[in-house]
Amino acid sequence: MMEATTRRYSWRRELWLLMAAGCAASGCLIPQDDTLLDAVPDFMNRPPRIIDSLVAPQQRFISDFGADGCDLTFEVAVEDPDVDDRIVVHWYVDYNPQDPRGPYRQYELASTREPRRSDRGTLLISLASANNPLSTPGPHLVEALVTDAELVDRVVRPRPVQLPDGTTINNPGFVVTYSWVVNTVQGDCR
């Protein structure tokens, strides 16, 4: 008789342990806050992208600028999933962080209400023009910084966004870059 009681007790204990394990594995249901949103929140900003196949010139190292031609055009094509973003291409030539200066040129891309912008950020360098940043023989670095936010000293500033509850968050801005190394040589451009 003792053995039957022990078996029944053991069976109840196993059932209780199995139910407790099932509850622990399923997690606890905690009531959630039932505050309703007044409006759908804005999407967080997504980064723009430079389309590599549409960049000009395609080669990143230009070894003899000035030998065969006096003009060189740099172009970047951009797409951004946030079609209303203001996209600006900042062109830098031989940027020196020890002596930071603003961009050599800036170009704002018009919004087409589609991810791919129809115009391109373009920089034309002519060795025949005065004050040309590539006129000195030797290597030079040409950079295109594409941003969808304010750019201060080559650093992106996030945009503060006020939420319906009165709190403020920072919506990040992004910058993407493309660069070329240009070796200027003595030629007949002047």
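**View 1. R159 faces N171 across a strand pair.** R159 stands opposite N171, a residue of β12. The model shown here, as in every view below, is predicted. Strand β11 covers residues 159–162, and strand β12 covers residues 168–171. The two run antiparallel and are joined by 4 bridges. Between them lies a hairpin connection of 5 residues. Look there for G166, which takes a positive phi near 95°. As background, strands of a sheet pair through backbone hydrogen bonds, either parallel or antiparallel.

**View 2. The whole chain is one helix and 13 strands.** Step back to the full protein chain. Its secondary structure comes to 1 helix and 13 strands. In sequence order the pattern is α-β-β-β-β-β-β-β-β-β-β-β-β-β, with the helix ahead of the strands. The protein chain has 190 residues, and 29% of them are buried. Its accessible surface is about 13100 Å². Carbon and sulfur atoms hold 54% of that surface. Now take the contacts in the protein chain with a separation of 6 or more: residues 24 or more positions apart account for 69% of these.

**View 3. Five strands form an open sheet.** Which order do the strands follow? Across this open sheet of 5 strands, the order is β2-β13-β8-β5-β6, and the pairing is mixed. The edge strands are β2, residues 61–65, and β6, residues 105–109. Each edge strand pairs on one side only. Neighbouring strands of the sheet are turned by 20° against each other on average, direction ignored. In a regular strand the side chains alternate between the two faces of the sheet.

**View 4. β2 runs parallel to β13.** Move to the β2 edge of the sheet. Here β2 meets β13, which spans residues 175–184. The two strands run parallel, with 3 bridges between them. Which residue of β13 is the bridge partner of I62? The partner is V182.

**View 5. W91 and W180 stack.** Aromatic pairs number 5 in this model. One of them joins W91 and W180. This pair is stacked, at 6.0 Å centre to centre and 25° between the planes. W91 lies in strand β5 (residues 87–93) and W180 in strand β13, so the pair ties together parts that are 89 residues apart in sequence. Is W91 buried or exposed? W91 has a relative accessible area of 0%, so W91 is buried. W180 also counts as buried, at 0% relative accessibility.

**View 6. Y178 joins W180 in a ring cluster.** W180 has an aromatic pair with Y178 as well. That pair is tilted, with 5.0 Å centre to centre and 55° between the planes. Y178 has a relative accessible area of 6%; this is under the 20% cut-off, so Y178 is buried. Ring pairs link F74, W91, Y178 and W180 into a cluster. A pair of aromatic rings is described by the distance of the centres and the angle of the planes.

**View 7. Two arginines lie over tyrosine rings.** Start with R105 and Y104. The charged end of R105 sits over the ring of Y104, 4.4 Å from the ring centre. R105 falls within β6, the edge strand of residues 105–109. Next comes R154, which lies over the face of Y92. Its distance from the ring centre is 4.7 Å. Y92 falls within β5, residues 87–93.

Terms used
Residues numbered from 1 in each chain as written. Predicted model: local features only at pLDDT ≥ 70, side-chain atom pairs only at ≥ 80, totals over all residues. Heavy atoms only, no water. Pairing = 2+ DSSP bridges. Axes fitted to C-alpha atoms, helices over the stretch in contact; angles between N-to-C directions. Phe/Tyr/Trp six-rings, centres within 6.5 Å; stacked < 30°, edge-to-face > 60°. Buried < 20%, exposed > 50% of the residue type's maximum accessible area, 1.4 Å probe, protein only. Lys NZ or Arg CZ within 6 Å of the ring centre and 35° of its normal. Contact = heavy atoms within 4.5 Å. Areas by Shrake-Rupley, 256 points an atom, 1.4 Å probe, with all protein chains shown as cover.
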